[in-house]
Amino acid sequence: MDHMIANSELVLPSVVLASIALFIFRALDPNTVANSIVSYVINKYLNWRYPIWSADGTRPIPTVSYKFPNGKESAKFLHGETVSCEWAKKYGPIYRIWTGLQPEIVLTRPEDIKTTYRDSDTHLKAGDLNAGWVLGELIGDGVGMLSGPDWKRVHTVVAPAFAQKASVYVPTVMARVERHFTAIEKTRMQGPRKEFLLKTAEDLNAIPFWIMSDIVYGQLPSAMEAELTDMIKLRNELWSYTFKGGWSLFSISKLCSPGIRNKLKMFDRRWDEFNDLAYDHVCSQGKTSMPIQDLYKAEHAGRVKRSEFLHSLSESLFTNIDVTMGTYTWILILLAIHPEIQTELREEINQAQAEGTTEAWHRYLSSNTTLLACCIMESGRLRPIANYTYPQYLPKDRVVAGYSIPKSTYFIIDTNALNRRDPGWGDNAEQFQPSRFMNRPGSEHRYRLWRFGFGARQCLAQALADTMLKGLIVHIIARYKVSIPGGLAKEEDWKTRKEDTWFSMAENAVLCEEI
Ligand code: HEM
């Protein structure tokens with residue numbers, strides 16, 4: 001009898017729990033009434049939980065409504081260009097979005113960025129960039145994710161490999177570019193054909209990857225190169241979960257994702273073992289100061305944890321290669337639709353080569369005042385590699401654009417609003433016009449151009465990244481005329497970007513015709 005009473009007492013809570021679970025499950029579909037109710041309740045809660053008002057206390061900060069379960073994470077990375085215009089029109093120059101359940105303040109004007117970044121060395125970063133637990137597991141201990149004293153400590157260890165002056169990287173970069181194009185020409189320029197189609201996104205991927213590998217490990221035996229190549233697929237698959245938004249933003253989804261957890265473990269183990277093998281190989285060659293050896297020495301001396309250097313390497317070898325690739329694809333498209341700029345650039349390259357000395361060539365590739373450098377800056381301006389920047393927060397309250405932003409509130413920058421729509425760029429802001437950077441001091445666009453970030457947390461490999469870009473461009477432009485095969489149906493078509501990549505990457509291929 002007692003049993004029956006106990007059982008009937010359990011029925012009601014079980015029914016309530018099952019109904020709540022069913023309701024939440026239904027709410028996952030954005031077109032249901034359940035979704036509207038859950039979104040409404042969470043939106044009310046978030047606005048109450050994170051009040052942000054104008055400094056005079058008269059108006060709340062304009063805020064994009066919360067939509068369960070996504071926040072705006074996937075919209076902001078995958079469809080950022082479109083939402084950037086919509087949000088700016090609707091909410092003005094400063095507004096708030098929700099990423100998962102985190103508020104993020106969006107900045108769009110140089111003056112507000114200046115106010116926010118004036119003490120950028122004190123800024124802190126979200127350990128998983130508010131992009132979910134998979135990112136945290138893959139690179140959460142990497143130099144780009146850490147903050148405060150941990151960041152300073154790891155930065156000191158990691159920076160020497162990647163933050164040398166440009167000329168240090170020129171030989172490695174040029175050797176890989178030449179090797180790559182020799183192979184392409186051999187397979188594609190057969191018979192009388194003196195041209196080949198370059199599918200930039202697929203065909204160039206290997207260049208920055210192997211340059212980074214050469215820098216860190218030197219030349220590896222082919223079995224190790226094969227293992228590294230094999231790991232790319234697994235790493236890319238795992239990375240694809242980091243900017244999907246939705247449930248992956250909630251740590252609880254970890255419990256329901258045994259498949260992803262297993263793959264993460266597998267990647268960790270292989271990455272760990274690969275680096276041990278690479279280290280042993282480099283030592284067996286009698287070398288003593290390759291970056292991988294310096295990192296192991298730092299680990300043995302207790303200056304970095306193993307996860308910190310493995311995540312920093314993973315960040316550099318896999319994640320940062322994506323952004324380099326994205327930049328490769330856009331600059332080639334932009335040059336392809338501007339043959340007159342190609343001609344001018346070819347003359348500049350020929351002149352630098354005609355000087356005939358290694359010093360002159362290195363000087364040319366390292367200079368920031370050449371047409372080559374201006375083309376790269378202009379391409380980065382028109383096609384920023386990410387639509388929104390990684391979130392950072394201030395340790396103190398700050399008034400920005402008339403709103404009192406409490407300490408620890410994340411802020412991000414809308415890079416399209418800044419690089420392309422800021423009135424300071426003039427009427428031709430949507431045109432590819434490298435000459436706008438000629439003879440203009442960098443201070444003029446200090447907070448108006450986002451390319452390598454702002455303040456203390458800028459890209460530590462700027463010279464290396466620019467050398468990779470310049471190495472590719474000089475190789476191609478000196479040898480080939482670049483065009484869009486068959487022209488473009490509409491002028492605007494050149495802007496088509498690859499879908500589902502977290503960074504901006506051009507879709508179109510280019511035709512390379514030998515000169
Ligand atoms: C064209 C290529 C590249 C572009 C446009 C680029 C851009 C950026 C940007 C915008 C940031 C700042 C991110 C933030 O706000 O948190 C950054 C950080 C960083 N980049 Fe790059 N990057 C490029 C290539 C590379 C490469 C090849 C490496 C290889 C080592 C690299 C290493 C890093 C590191 C380690 C950080 C974190 C710095 C820190 O937080 O102290 N980047 N990069």
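## Close-up views of a predicted model

**Figure 1. Strands β5 and β8 side by side.** Two bridges hold β5 and β8 together, and the pairing is antiparallel. This is a predicted model, and these legends take a friendly walk through parts of it. One pair to look for here is Tyr393, which stands opposite Tyr410 in β8. Tyr410 shares its side of β8 with Ile412, while Phe411 and Ile413 point the other way. Whichever way they point, all four of these β8 residues are buried. This fits a general pattern: in a regular strand, side chains alternate between the two faces of the sheet.

**Figure 2. The five-stranded sheet.** Step back from β8 and an open sheet of five strands comes into view, in the order β1-β2-β8-β5-β3. Its pairing is mixed. Which strands stand at the edges? They are β1 (94–99) and β3 (124–125); each has a single partner strand, so one side of each is left without a neighbour in the sheet. At the β3 edge, two bridges link β3 to β5 (residues 392–393) in the antiparallel sense. Look there for Lys125, whose bridge partner in β5 is Gln392. Further along the sheet, β2 and β8 are joined by four bridges and run parallel. Within that pairing, Val106 has Ile412 of β8 as its bridge partner.

**Figure 3. The β1–β2 hairpin.** Strands β1 and β2 form a hairpin, with two residues between them. In the turn sits Gly100, which has a positive phi of about 60°. The two strands run antiparallel and are joined by six bridges. One of the residues to find is Trp98, whose bridge partner in β2 is Pro103. Is β1 enclosed or open? Six of its six residues are buried, so β1 is largely enclosed by the rest of the structure. Ile94, Arg96 and Trp98 point one way from this strand, and Tyr95, Ile97 and Thr99 point the other way.

**Figure 4. Helix α5 and residue Thr116.** Thr116 is found in helix α5. This helix, made of residues 110–117, packs on the five-stranded sheet. There α5 touches β1, β2 (102–107) and β8 (410–413), and its direction makes about 125° with that of β2. Why does Thr116 count as buried? It has 23 other C-beta atoms within 10 Å, and 20 or more are needed for that label. Setting aside neighbours within four places in sequence, Thr116 is in contact with Leu107, Arg398, Val400 and Phe411. Another residue to find is Leu394: it is 278 residues from Thr116 along the chain, yet their C-alpha atoms are separated by 8.1 Å.

**Figure 5. The three-stranded sheet.** Here is another open sheet, with three strands in the order β4-β10-β9 and antiparallel pairing. Strands β4 (195–198) and β9 (480–483) are at its edges, each with a single partner strand, so one side of each is left without a neighbour in the sheet. On average, neighbouring strands of this sheet are turned by 25° against each other, direction ignored. Strand β10 (residues 510–514) is joined to β9 by four bridges. Among the residues to look for is Tyr480, whose bridge partner in β10 is Glu514.

**Figure 6. Two helices that cross.** Two packed helices are described by the angle between their axes and the distance between the axes. For α15 (residues 339–354) and α19, the angle is about 105° and the axes are 9 Å apart. That makes α15 roughly perpendicular to α19. From α15, Gln342, Leu345, Arg346 and Ile349 meet Val474, Ile477 and Ala478 of α19. By class, the residues of this contact are five nonpolar, one polar and one charged.

**Figure 7. The surroundings of the ligand.** Which residues come nearest to the ligand? Of the 23 residues around it, they are Gly144, Asn320, Gly453, Cys459 and Ala461. The elements giving two or more residues to this shell are α7 (148–162), α14 (306–336) and α19 (462–479). Helix α14 supplies the largest share, six residues. Sorted by class, the shell has 11 nonpolar, nine polar and three charged residues.

**Figure 8. A loop residue, Ser367.** Look for Ser367 in the loop between α16 (358–366) and α17 (371–382). With 13 C-beta neighbours inside 10 Å, Ser367 counts as partly exposed. Asp294 is 73 residues away from Ser367 in sequence, and their C-alpha atoms are 29 Å apart in space.

Terms used. Residues numbered from 1 in each chain as written. Predicted model: local features only at pLDDT ≥ 70, side-chain atom pairs only at ≥ 80, totals over all residues. Pairing = 2+ DSSP bridges. Axes fitted to C-alpha atoms, helices over the stretch in contact; angles between N-to-C directions. Buried ≥ 20, exposed ≤ 12 C-beta atoms within 10 Å, placed from the backbone. Contact = placed C-beta atoms within 7 Å. Near = placed C-beta within 6 Å. Nonpolar A, V, L, I, M, F, W, Y, C, P; charged D, E, K, R; others polar. Parallel < 35°, antiparallel > 145°, perpendicular 65-115°, else oblique.
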